[in-house]
Amino acid sequence: MRFKKYERMPDVEISKLIEGLKVYQIELEMQNEALRNSQEELMASRKKYSDLYDFAPVGYFTISEKGLILEANLTGASMLGVERSLLIKKPLSRFMAKEDADKYYIKRRMVSEEKVHETLRVKIIREDGTEFYALLRCAAAAGEGKNCGQCRTIMIDITE
């Protein structure tokens with residue numbers, strides 16, 4: 001029943017409709033190709049970022065406002081002697097000498113509350129018990145909402 005009105009249309013009108021549909025189809029195909037190209041570029045960019053992040057010569061950590069590790073790069077996990085997946089939701093202070101954990105807590109709170117950058121030296125105790133001295137550079141995570149109160153921390157081995 002729906003198509004009865006098209007049965008009464010002249011052939012010229014039907015041809016125009018078909019041509020219009022062909023034009024829309026071509027436009028959609030072009031848009032799909034542009035989207036595919038954008039997606040490939042995005043994936044390449046993500047891979048590049050991931051490589052830079054994971055294989056940087058320093059440890060990178062994202063710390064929650066409660067002091068728990070939310071993200072860590074491969075270098076950071078290696079520095080602590082722990083598999084990266086096992087670091088998530090563990091306090092970074094767990095790997096610090098007791099006398100340095102309090103200093104770290106105070107600096108991290110300042111960074112989160114006052115949105116300042118802080119640097120401190122701490123003794124890190126790896127999972128296997130070996131130690132090294134690290135320079136931590138902490139900055140508030142940019143953004144709002146769930147990132148509010150998070151801290152980005154860079155760990156550099158300064159033992160030598």
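1. Let me start with Glu-19, which counts as partly exposed in this predicted model, its relative accessibility being 45%. Its salt-bridge partner is Lys-22, with 3.9 Å between the closest N and O atoms. Since a salt bridge is counted within 4 Å, you may want to keep that cut-off in mind when reading this pair. Lys-22 is partly exposed as well, at 43% relative accessibility. Both residues belong to helix α2, where a spacing of three residues puts about one helical turn between them.

2. How many salt bridges does a search of the whole structure find? The search gives nine, and the pair of Glu-19 and Lys-22 is one of them. As general background, side chains of opposite charge can pair when their charged atoms come close.

3. Another salt bridge joins Arg-84 to Asp-54, and here the closest N and O atoms are 2.7 Å apart. Arg-84 sits in helix α4 (residues 84-87) and Asp-54 in helix α2, so this pair ties together parts that lie 30 residues apart in sequence. The two ends have their own settings: Asp-54 is buried, with 8% relative accessibility, while Arg-84 is partly exposed at 26%.

4. Helix α2 (residues 11-54) also carries Tyr-49 and Tyr-53, four residues apart and thus separated by about one helical turn. The structure holds two aromatic pairs. In one of them, the ring centres of Tyr-49 and Tyr-53 are 5.9 Å apart and the planes meet at 20°, so the pair is stacked. Are these tyrosines buried or exposed? Tyr-49 is exposed, with a relative accessible area of 54%, whereas Tyr-53 counts as buried at 17%.

5. Tyr-53 has a second stacked partner in Tyr-60, at 5.7 Å centre to centre and with 10° between the planes. Tyr-60 is partly exposed, its relative accessibility being 27%. Taken together, the ring pairs link Tyr-49, Tyr-53 and Tyr-60 into a cluster.

6. Now to helix α5 (residues 98-114), where the geometry checks out nicely: at 1.5 Å a residue its 17 residues should span 24 Å, and the end C-alpha atoms are 25 Å apart, which agrees. Just after the helix, Lys-115 takes a positive phi of about 55°.

7. Which residues of α5 are buried? They are Asp-100, Ala-101, Tyr-104, Arg-108, Val-111 and Ser-112. Viewed down the helix axis, the buried residues fall within an arc of 100°, so they line one face of α5. The cover over these residues includes the strands β1 (59-63), β3 (118-125), β4 (131-140) and β5 (151-157).

8. The other side of α5 has Glu-99, Asp-102, Ile-106 and Glu-113, which are exposed. For Asp-102 the relative accessible area is 56%. The C-alpha atom of Asp-102 is separated by 37 Å from that of Lys-47, a residue 55 positions away along the chain.

9. A salt bridge also occurs within α5: the side chains of Asp-100 and Lys-103 meet at 3.1 Å, N to O. The two are three residues apart, about one turn of the helix. An α-helix has 3.6 residues a turn, so residues three or four places apart point the same way. Asp-100 is buried, with a relative accessible area of 7%, but Lys-103 is partly exposed at 40%.

Definitions and conventions
Residues are numbered from 1 along each chain as its sequence is written. This is a predicted model: local features need pLDDT of at least 70, side-chain atom pairs count only at pLDDT 80 or more; totals for chains, interfaces and linings use all residues. Side-chain values use heavy atoms; hydrogens and water are left out. The expected span of a helix is 1.5 Å times one less than its number of residues. Buried means under 20% relative accessible area, exposed over 50%, partly exposed in between (1.4 Å probe, protein chains only). The arc is that of the directions from the helix axis to the C-beta atoms. Contact means heavy atoms within 4.5 Å. Rings of Phe, Tyr and Trp (its six-membered ring) pair if their centres lie within 6.5 Å; planes under 30 degrees apart count as stacked, over 60 as edge-to-face and the rest as tilted.
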